[in-house]
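Thank you for coming, everyone. I would like to walk you slowly through one protein chain, so please have a look at the sequence and the structure as I bring them up.

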Amino acid sequence: MSSVEEFRAEIRAWLADHLVGEFAELRGRGGPGREHEAFEGRLAWERHMAAHGWTCVGWPVEHGGRGASLEEQIAFHEEYALADAPARVNHIGEQLLGPTLIAFGTEEQKKRFLPPIVAVEELWCQGYSEPDAGSDLANVRTRGALSPDGSQWIVDGQKIWTSLAHEAQWCFVVARTEPGSRRHAGLSYLLVPLDRPGVEVRPIVQLTGTSEFNEVFFDGARTKASHVVGEPGDGWRIAMATLGFERGVSTLGQQVGFRREWDALAELARKNGAIADPLIRDRLVQAWIDLEAVAASARRGVDPSVGKLHWAAWHRGLGELAMDVCGAASTVAAAEPYELDDWQRLFLFSRADTIYAGSDEIQKNIVAERLLGLPKEARV
């Protein structure tokens, strides 16, 4: 048995032994559009994982991880998804900020922030998008300025679509710290506490009736001067590195969840007779073929922007197909006043798949300009 197979067997056995009792009730809970589900229970589960050394498995051992290879990380995420284990609550800290600090942070920052991520003692959110700087991130207007004595950054501005900010204690914020700078220049990557004066978090009610996205307002919020990752003014480079981690190996477990959704939808079509419609049958087959292509592309390490375009379109299309399989029942809420079933929630939330983590339009520009070398889009 190879080391990867041994690693896969180890995590599979651990999950089988520990997803029991109170944790067994968490199977399948949480995830996009459902982050409100059993949050405290999922937090307890993830701290249980941490106590047994199963958080941050891809991090170097010296930073609290297992130093797992790429193949072992793939095995971990696949087995976690196959076990129908609950959606992670610490993924922004573990998958985005942690690798960023390991790559670019100071030793002081690593010692301060990495251990609480490994232990799931501090949760993080991502302060990138703004009302006038969503996909066009370089247009950010949130400002950061050093206090007169140089000991703190003072942050003023607004972020939007901030996932799980209402549960997080910290936010990594892209802010403009050089007055008069434009676009990519003059930005800094600041680590800002959310439980201090000058910070207000307002949940945004989504189509699903839930609120996992938020607006975050900074009005004189303060953080230590040492809480800047990289050099002041070098925030764009750090922020782009974080996005690369966001679209990394953890998305491979996502394919397992997609397959589970396809299997359930095909079973529903058989049960309710929708499979008799040749158009429905053809679309189900095509969705299966396309999912095989998505998974194959992810495994061979396709460029993150290409991968994002691929899976986002597929998942949104599955939500549309689900509504047609459900038929007229898809238009009626499962219960008063606005309780949705799983298929309605999938359809509504998957509308966001082609927007969050980089909209389709931006991803296509990246592919055209950076991968294919085509002329850059004209910008004002």
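The buried residues of helix 11 are D360, Q363, I366, V367, A368 and E369, where buried means under 20% relative accessible area, exposed means over 50% and partly exposed lies in between, with a 1.4 Å probe and protein chains only. When I speak of helices and strands, I mean DSSP runs numbered from the N terminus, with H or I over at least four residues for a helix and E over at least two for a strand. The buried residues of helix 11 pack against helix 9, residues 304-326, and contact here means heavy atoms within 4.5 Å.

Before going further, I should say that this is a predicted model, in which local features need pLDDT of at least 70 and side-chain atom pairs count only at pLDDT 80 or more, while totals for chains, interfaces and linings use all residues. Residues are numbered from 1 along each chain as its sequence is written, and side-chain values use heavy atoms, with hydrogens and water left out.

Staying with helix 11, residues 360-371, its 12 residues reach 15 Å from the first C-alpha to the last, close to the 16 Å expected at 1.5 Å a residue, the expected span being 1.5 Å times one less than the number of residues. After helix 11 comes G373, which has a positive phi near 70°.

Let me turn to helix 5, residues 107-118, whose 12 residues should span 16 Å at 1.5 Å a residue, and whose end C-alpha atoms are indeed 16 Å apart. Which residues of helix 5 are buried? They are Q109, K110, F113, L114, P116, I117 and V118, and these pack against several elements, including helix 2 (39-51), helix 4 (91-104) and strand 1 (124-127). Just after helix 5, V120 takes a positive phi of about 60°.

That brings me to the backbone, where, as a general point, most residues other than glycine have a negative phi, and most peptide bonds are trans. A38, in the loop between helix 1 (3-18) and helix 2, has a positive phi near 45°, and with a relative accessible area of 24% A38 counts as partly exposed. W161 also has a positive phi, near 60°; W161 sits in the loop between strand 3 and strand 4 and is partly exposed at 49%. A cis peptide bond, with omega about -5°, joins E336 and P337, and P337 belongs to the loop between helix 9 and helix 10 (342-349).

In the loop between strand 3 (152-159) and strand 4 (170-176) we also find T162, and is T162 buried or exposed? At 1% relative accessibility, T162 counts as buried, and, leaving aside neighbours within four places in sequence, T162 is in contact with C125, Q126, E212, F213, N214 and V216.

Finally, for the chain as a whole, there are 11 helices and 8 strands, and buried residues make up 48% of the 380 residues. The C-alpha trace spans about 70 × 50 × 50 Å along its principal axes. Among contacts between residues at least 6 apart in sequence, 70% join residues at least 24 apart, and with that I will stop and take your comments.
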